Amino acid sequence: MRTFRVFVVSLIVLFAVSWITISGNNAIGEEKESEKITLKVEGMKVSCCAEKVQSALQKVPGVKTAEVSLERKEAVVEFEKGKVTLAQLIEAVKEAGYQASVALEKTVLKIEGMVTPCCVPRVQEALLKVNGVTKTSACIKRGIAEVEMEAGRVTIEQLIKAVEKAGFKAFVEEKKESKSVPQLESKFKELGMIYNIVEKELGEEWNSVKEAAKKIYGACCKWSLSRGMDIKDAEAYCKSAMFSGINEKFLAEKIFCPKVGISKLNEKYKIPEKDLSKHWDFVKKETKKSYEVCCKWAQSRNMKVEDVESYCKSAILSGMGETALAEKILKEEVRKFTDDEIKELTKNRYGRFADKYAEVGNPCPIRKKQVGSLYNQEEISLVSKTALNLALGCGNPVRFANLKPGEVVVDFGCGAGIDVILAAHKVGPSGKVIGVDIAPQMIEKAKQAVVETGLKDRRIEFYVGNIEKLQLTDSFADVVLSNCVIVLVPNKYSAYKEAFRILKTDGRIAISDIVFSEKICPKRKARFESVWSGVVGGAVNEKDYLEIVKRAGFEKIEIIKRHFLTPEELIAMSTCPGTELAPAPDEKDIEAVQGKVVSIKFTAIKP
Ligand SMILES: C[S@@+](CC[C@H](N)C(=O)[O-])C[C@H]1O[C@@H](n2cnc3c(N)ncnc32)[C@H](O)[C@@H]1O
């Protein structure tokens, strides 16, 4: 019995000693129920790192919350008073693979009564006694004390109290208001004024959407990390689903293309593809839900479409840690792609189209019918099914190119090769046809189409390339064809200049393309450009277009035919084959350009 009592007493003593050790020197905070500390965290490069740090900190017993900011590279940790040591937090961060240290901040106090040099050490000592203060200095002349302290741990009230205890009066000098209003506030102010909405309400709604997005992102990251993904992959996987949920297809594709990416993740981490796809769809759906709730709210306040979009998208992006992008979207009325982005996007969209529809053909009946009607039965009998299935033209340039046996022809943006094959029939075995396309999958299908057609005796070559800058030599071609391509090219002048360069003197171009018959309102045009989809994305008006052709050096432009797209054709050509491959322009904008979109066919000569 005695032995048992001794054992129990020893246990109690041991527990008390350990407790004193923990809550003594090492413990953070002694005065409040819960404490906060800000840690500087180094090494976090992507948002999923923040998730990892957050989850590591939250696992430390006694930690209530941990908010980790990738942008500020810091973690604000709230924990139970006296229960957690700084070393524990630093260790937890270290185990997650990052470096943490206490973030320091500075403040300046105005001190009244500090009139002789003797006062200085008293003020300094008083301040240094406050837990978390690391350094102080004071200046009698200016009547101030500068305090360096652990960020988030020390309050100004604590400092003031400490100075008062030492017999002086302290206060914080009022900061002059900064002239630059933060981006968000100024945007909310602007929206508030336009739509007569209380600014605070705009801020609250925005923040609640941001928080919802943050939760979705956090949960997705957790899911991914728990399945062994590394942070970069987890980040790309989660972000692409969320970008997709807000119709930011381009951003989604850029970071992670689910079709290819999911099988790569499956190979790398042995996560079943089914699970990866299912979770990706789930994250996209959840994001979409939050986005739609926000859109409904904004629409109910009568916001214009573009403001609804930028307001809601920026909140979601911000929740995903894409702060810079969120600000950019909020600031710009419409997005402007760079030329490189457009090329990347075109390559991606047409590449995926080739992969998906080579066997089944265009899923849009109107588009299928339209393209079918461009070629007669005899022409159709000369091409293979793959070439026809993937045909996306708006004319039949071989018909008016007047090709002769023995000529060398280059098809700009040849797609799956329908016009290349028809041209090869015209120029015969002594001629040559070269097809160039930016999408490698299109070139693959074009090669396959030629094999299927059985044109063994013809000289046909295909290259993956950008028609704005070709690897082909000067002055070797007789004819350059192009069918519904240059409308998609950001720098149309470069494309025509390249055509001019590779053509022999007296060589010709035979082009079928899409233009606007008149000038389109700049805002609408900018909106079309912001999606760069279908025929309206990169279209310019006919006069400007032909001016570009002339400027590149061509002469004797002869318009063969103009066809104003019917409303049905216009809708099909701007939205097909659906938003899965490219976002559709705004319906109202498409409606507004009805009767102004022309399919034009022309020839011109290099003098
Ligand atoms: C509307 S499709 C037309 C394809 C083909 N001419 C036809 O009639 O079926 C446009 C094609 O142009 C290609 N393209 C777009 N921009 C290009 C560029 N800068 N350089 C080369 N090809 C490009 C696309 O990859 C796509 O295959």
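Hi everyone. Let's begin with helix α14, which gives the most to the shell around the ligand, with 3 residues. Keep in mind that this is a predicted model.

So what else is around the ligand? In total, 24 residues surround the ligand. The closest are Tyr350, Gly393, Gly413, Gly415 and Ile438. If you want to find the elements on your screen, look for α14 at 339-357, α19 at 418-427 and β10 at 432-437, as each of them supplies at least two residues of the shell. And the chemistry? Sorted by class, the shell has 14 nonpolar residues, 6 polar ones and 4 charged ones.

Now, please scroll to a pair of helices. Two packed helices are described by the angle between their axes and the distance between those axes. Here the pair is α4, residues 119-128, and α5, residues 156-165; their axes come within 8 Å and cross at roughly 135 degrees. Because of that angle, α4 counts as oblique to α5. The crossing of α4 past α5 is right-handed.

Which residues in α4 meet α5? They are Val123, Ala126 and Leu127, and on the α5 side the partners are Leu159, Ala162, Val163 and Lys165. By class, this contact has 6 nonpolar residues, no polar ones and 1 charged one.

One last stop, helix α10. This helix covers residues 258-269, 12 residues in all. From first C-alpha to last, α10 reaches 15 Å, close to the 16 Å expected at 1.5 Å a residue. Just after α10 comes lysine 270, with a positive phi of about 60 degrees.

Thanks for listening, everyone!

Key
Residues are numbered from 1 along each chain as its sequence is written. This is a predicted model: local features need pLDDT of at least 70, side-chain atom pairs count only at pLDDT 80 or more; totals for chains, interfaces and linings use all residues. A residue is near a molecule or strand if its C-beta atom, placed from the backbone, lies within 6 Å of it. Helices (H or I, at least four residues) and strands (E, at least two) are DSSP runs, numbered from the N terminus. Ala, Val, Leu, Ile, Met, Phe, Trp, Tyr, Cys and Pro count as nonpolar, Asp, Glu, Lys and Arg as charged, and the others, Gly among them, as polar. Axes are lines fitted to C-alpha atoms, for helices over the stretch in contact, and angles run from 0 to 180 degrees between N-to-C directions. Angles under 35 degrees count as roughly parallel, over 145 as roughly antiparallel, 65 to 115 as roughly perpendicular and the rest as oblique. A crossing is left-handed if the near helix is turned anticlockwise from the far one by less than a right angle, and right-handed if clockwise. Two residues are in contact if their C-beta atoms, placed from the backbone, lie within 7 Å. The expected span of a helix is 1.5 Å times one less than its number of residues.
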